[in-house]
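Got the viewer open and a coffee within reach? Let's walk through this one stop by stop, selecting as we go.

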Amino acid sequence: MSARTAFVTGVTGQTGSYLAEQLTASGHRVVGLVRGGDTTSRVLLARMPEITLIEGDLLDSSRLREIVLDVAPDVLYNLGGLTSVG
């Protein structure tokens with residue numbers, strides 16, 4: 001039986017990276033959406049080289065559709081969004 005695939009937007013955030021860690025530990029294949037030029041993705045890959053990162057933008061619906069069709073996830077977690085501490 002092949003591993004279930006989880007697609008996680010916001011995978012480089014605190015909650016997203018924790019979720020990716022838990023999903024990987026439970027045997028899921030994890031694919032995460034990252035913004036282009038996101039330097040935190042290198043840190044995440046250093047910690048969890050088994051996940052796959054794909055560049056994209058939540059505002060680009062045609063690209064998101066393309067990614068979801070290509071990845072064909074069993075489950076999708078949408079944790080992405082812009083935040084401002086200030």
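What follows is a tour from the whole chain down to single residues.

**Stop 1: the whole chain**

Before you click anything, keep in mind that this is a predicted model. Show the chain as a cartoon and you should find three helices and four strands. Trace the cartoon along the sequence and the pattern reads β-α-β-α-β-α-β. The radius of gyration is 12 Å, close to the 12 Å that the globule rule gives for 86 residues, so the chain is as compact as a globular protein of that length. Along its principal axes, the C-alpha trace spans about 45 × 30 × 20 Å.

Switch on a surface if you like. The chain exposes about 5,600 Å², with carbon and sulfur atoms supplying 52% of that area. Of the 86 residues, 33% count as buried. As for how the chain folds back on itself, take the contacts with a separation of 6 or more: 54% of them join residues 24 or more positions apart.

**Stop 2: the sheet**

Now hide everything but the strands. In what order do the four strands of the open sheet sit? Going across, you get E3-E2-E1-E4, with parallel pairing. The edge strands are E3 (52-55) and E4 (75-78), and each of them pairs on one side only. Look along the sheet to see the twist, which averages 20° from one strand to the next.

Next, select E1, residues 5-9. On one side, E1 pairs with E4 in the parallel sense over four bridges. E1 also pairs with E2, again in the parallel sense, this time over five bridges. Val 8 is a handy marker for both pairings: it stands opposite Tyr 77 in E4 and opposite Gly 32 in E2. While you're here, colour E2 by burial: this strand is mostly covered, with five of its six residues buried.

**Stop 3: the helix on the sheet**

Bring back H1, residues 14-25. This helix packs on the sheet and touches E1, E2 (29-34) and E4. Its direction makes about 175° with that of E1.

Zoom in on Leu 19 and show what surrounds it. Leaving aside neighbours within four places in sequence, Leu 19 is in contact with Val 8, Tyr 77 and Leu 79.

**Stop 4: the cores**

Show side chains for Ala 6, Val 8, Val 11, Leu 19, Ala 20, Leu 23, Val 30, Val 34, Leu 44, Met 48 and Ile 51: these 11 residues make up the largest nonpolar core. Which elements give two or more residues to this core? They are E1, H1 and E2. H1 gives the most, with three residues.

There is also a second, separate core of seven residues, which includes Val 31, Leu 33, Ile 54 and Ile 67. Give this one another colour.

**Stop 5: Phe 7**

Select Phe 7, which lies in strand E1. Is Phe 7 buried or exposed? Its relative accessible area is 1%, and buried means under 20%, so Phe 7 counts as buried. Not counting residues up to four places away in sequence, Phe 7 touches Val 31, Gly 32, Leu 33, Ile 67, Val 68, Pro 73, Val 75, Leu 76 and Tyr 77. For a distance to try in the viewer, pick the C-alpha atoms of Phe 7 and Ile 54: these residues are 47 apart along the chain, and the atoms are separated by 10.0 Å.

**Stop 6: Val 68**

From Phe 7, hop to one of its contacts, Val 68. You'll find Val 68 in helix H3, residues 61-71. Val 68 is partly exposed, with a relative accessible area of 30%. Setting aside residues up to four places away in sequence, Val 68 touches Phe 7, Pro 73 and Leu 76. Val 68 and Thr 52 are 16 residues apart in sequence and 13 Å apart in space, C-alpha to C-alpha.

**Stop 7: Ser 2**

Finish at Ser 2, in the segment before E1. What relative accessibility does Ser 2 have? The value is 61%, and the cut-off for exposed is over 50%, so Ser 2 counts as exposed. One last distance: Ser 2 and Gly 56 are 54 residues apart along the chain, and their C-alpha atoms are separated by 26 Å.

Methods. Residues are numbered from 1 along each chain as its sequence is written. This is a predicted model: local features need pLDDT of at least 70, side-chain atom pairs count only at pLDDT 80 or more; totals for chains, interfaces and linings use all residues. Side-chain values use heavy atoms; hydrogens and water are left out. Two strands pair if DSSP finds at least two bridges between them. Axes are lines fitted to C-alpha atoms, for helices over the stretch in contact, and angles run from 0 to 180 degrees between N-to-C directions. Contact means heavy atoms within 4.5 Å. A nonpolar core is a set of buried Ala, Val, Leu, Ile, Met, Phe, Trp, Tyr and Cys residues joined through side-chain atoms within 4.5 Å. Buried means under 20% relative accessible area, exposed over 50%, partly exposed in between (1.4 Å probe, protein chains only). The radius of gyration is taken over C-alpha atoms; the globule rule is 2.2 Å times the number of residues to the power 0.38. Accessible areas come from the Shrake-Rupley method with a 1.4 Å probe; for residues, only the protein chains shown count as cover.
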